[in-house]
Amino acid sequence: MTCAAAYVPDLVQGSKKVFSRAEVAKHAKEDDLWIIVDTAVYDLSDFIDMHPGGASILLDPKIAGKDATQVFFGLHRGEVASKYARMIIGTIENEKPQVILPTPGTISTVPHAEPMWLVKGMQSAYFNDSHRALQKAMRNFFDNEVREEATEHEISNERPTVELIKKMGANRINHMRMGPGKHLHGLTLPGGVKGEEFDYFHEMIITQEVARVVGRGYGDGLQGGCVIGLPPLNFGSKELQKRIVPAVLAGDKFIALAVSEPEAGSDVSGLRTTATKSEDGRFWIVSGQKKWITGGNFADYFTTAVRTGKNELSMLLIERDFGGVETKIIKTAYSSAAGTAYITFDNVKVPVENTLGKAGDGLKIVLSNFNHERWVMCCSAIRAARAVVDETFRWACLRQVFGKPLIGQPVIRAKFASMFSQIEAGQSWLENITFQMCKLNYFQQADLLAGQIALLKRYLTRIAAECADQCVQIAGGRGITKGGMLGSVEAYMRTYKFDAVLGGSEEILGDLGVRQAMRKMTPHSL
């Protein structure tokens with residue numbers, strides 16, 4: 001069965017040999033083994049002993065010398081066909097490929113694999129040519145520069161390479177992930193986009209391209225800490241900004257937001273890390289612990305919430321080389337590539353010049369970026385859900401069960417109907433809120449959108465839970481197996497909860513959304 005996608009890969013480019021099926025059938029021995037996969041003829045004679053599934057499956061009379069297309073795509077991701085293209089020796093005469101595989105950098109034509117604004121023939125009230133130019137550039141970058149490393153490091157637990165982060169810096173990607181602002185003015189961005197025209201839809205594109213390509217843990221390590229850790233520098237002195245910000249955006253230095261503690265997460269008022277003035281008044285002496293700090297294990301700087309008085313919170317920029325700073329990895333359900341850290345500050349001497357804003361401004365600074373942080377998580381969460389549903393759908397179209405494709409079962413189609421509907425609804429709500437963000441200033445966003453964004457994040461993480469559950473049920477054993485065919489489903493089921501907890505739990509945000517609605521009630525509303 002054919003599933004629509006982006007293109008038919010030219011796996012046999014340069015090959016002029018064509019064979020009949022009868023000729024292929026003559027090569028069905030252990031030392032002379034050919035098979036057919038979607039009209040391409042593979043010579044597996046030298047590969048049989050290296051086959052991860054063992055030699056016996058390749059020597060099965062239904063496979064050796066035969067058309068193994070259905071068996072192959074029922075057991076392997078499509079990328080495997082490209083990986084072993086070197087073994088292709090020709091094609092079957094007078095036949096055309098039926099299984100269409102995606103190619104890096106292109107728009108998928110699998111239904112619901114892309115947001116509607118990217119679907120050929122669809123229109124959008126929000127996205128213009130500038131957005132499309134940036135999307136094309138970002139799709140190419142993340143497919144060709146990031147995907148391979150992301151796949152490897154998600155498994156190995158290695159942090160993203162500094163070289164890649166610097167390449168992102170050179171392409172202004174680190175800059176753009178901070179959102180619209182004067183820091184982009186005067187810059188020409190990927191796709192020829194001018195910094196002055198960059199808006200939240202441009203930023204959404206970058207976040208969703210990251211979510212589409214990378215593993216969840218690696219994705220947070222790929223400057224996730226920077227996205228939430230650098231904005232508090234807006235409250236710092238010009239001298240501090242000049243020294244820190246360019247180095248972080250270039251990828252020469254790394255920064256993390258250090259707020260959560262062992263006994264205080266969403267309850268910011270419960271923070272216990274203290275900062276007291278030295279006798280000469282030149283330093284803050286910081287002691288305490290921080291926990292679950294994204295990117296903290298490899299960060300050079302920490303924008304840190306501290307208690308400077310009984311009822312006073314402040315924000316300091318703490319530098320690793322001040323001394324007395326110790327970090328260690330926290331092993332979570334996702335990859336340690338995220339650099340999730342437990343941090344100990346032991347009498348760290350922090351110059352008062354590293355105070356962000358004024359003493360006592362800590363809560364205001366912490367809250368200042370919550371809407372943006374949660375909105376970024378919304379962009380990522382709905383795109384990740386779409387990606388895993390897309391992969392499951394493509395597999396269901398190819399997988400043969402009970403004599404027909406899995407998608408031929410009504411119960412399976414009902415599951416996809418529910419997931420498709422939720423994904424499209426979630427993206428539409430996200431785009432509406434993003435449009436409001438483009439039209440409202442910071443104070444208007446805080447007043448009008450805090451509740452909306454909170455409810456949206458809660459809604460999207462509920463969608464994630466539904467999609468994770470349904471995709472595992474459709475994938476069966478593959479949905480609970482790490483790596484290999486549909487390994488992405490297992491990884492998604494294991495990690496989707498991060499968005500439901502980080503940046504405010506579903507319960508906290510649901511309550512916030514309702515309280516914001518209550519605040520807007522007037523006597524005339526009753």
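Author: A salt bridge is a side-chain nitrogen of Lys or Arg within 4 Å of a carboxyl oxygen of Asp or Glu. Keep that in mind as we look at this predicted model.

Reader: Which residue meets Asp-499 in a salt bridge?

Author: Let's apply the cut-off, which asks for a nitrogen and a carboxyl oxygen within 4 Å. Here the N to O distance is 2.7 Å, so the pair fits the rule. The partner of Asp-499 is Arg-216.

Reader: Where do these two residues sit in the domain assignment of the chain?

Author: The assignment gives four ranges to check, beginning with domain 1 (8-92) and domain 3 (255-359). Neither range holds our pair, so try 116-217 and 365-520. Arg-216 falls in domain 2, and Asp-499 falls in domain 4.

Reader: How many salt bridges are counted between domain 2 and domain 4?

Author: Polar contacts are a separate count, with four residue pairs between these domains. For salt bridges between domain 2 and domain 4, the count is one.

Reader: What area is buried between domain 2 and domain 4?

Author: Start with the contacts: 18 residues of domain 2 touch 22 residues of domain 4. Carbon and sulfur atoms give 63% of the buried area. The total is about 1,700 Å².

Reader: Which three residues supply 37% of the area that domain 2 buries against domain 4?

Author: No other three residues supply more of domain 2's share. Our salt-bridge residue is one of them. The three are Tyr-200, Gln-208 and Arg-216.

Definitions and conventions: Residues are numbered from 1 along each chain as its sequence is written. This is a predicted model: local features need pLDDT of at least 70, side-chain atom pairs count only at pLDDT 80 or more; totals for chains, interfaces and linings use all residues. Side-chain values use heavy atoms; hydrogens and water are left out. Contact means heavy atoms within 4.5 Å. Buried area is the accessible area (1.4 Å probe) that two parts lose on being put together, summed over both. A polar contact is a pair of N or O atoms within 3.5 Å; within protein, one must be able to donate a hydrogen and the other to accept it, and residues adjacent in sequence count only if both atoms are side-chain atoms.
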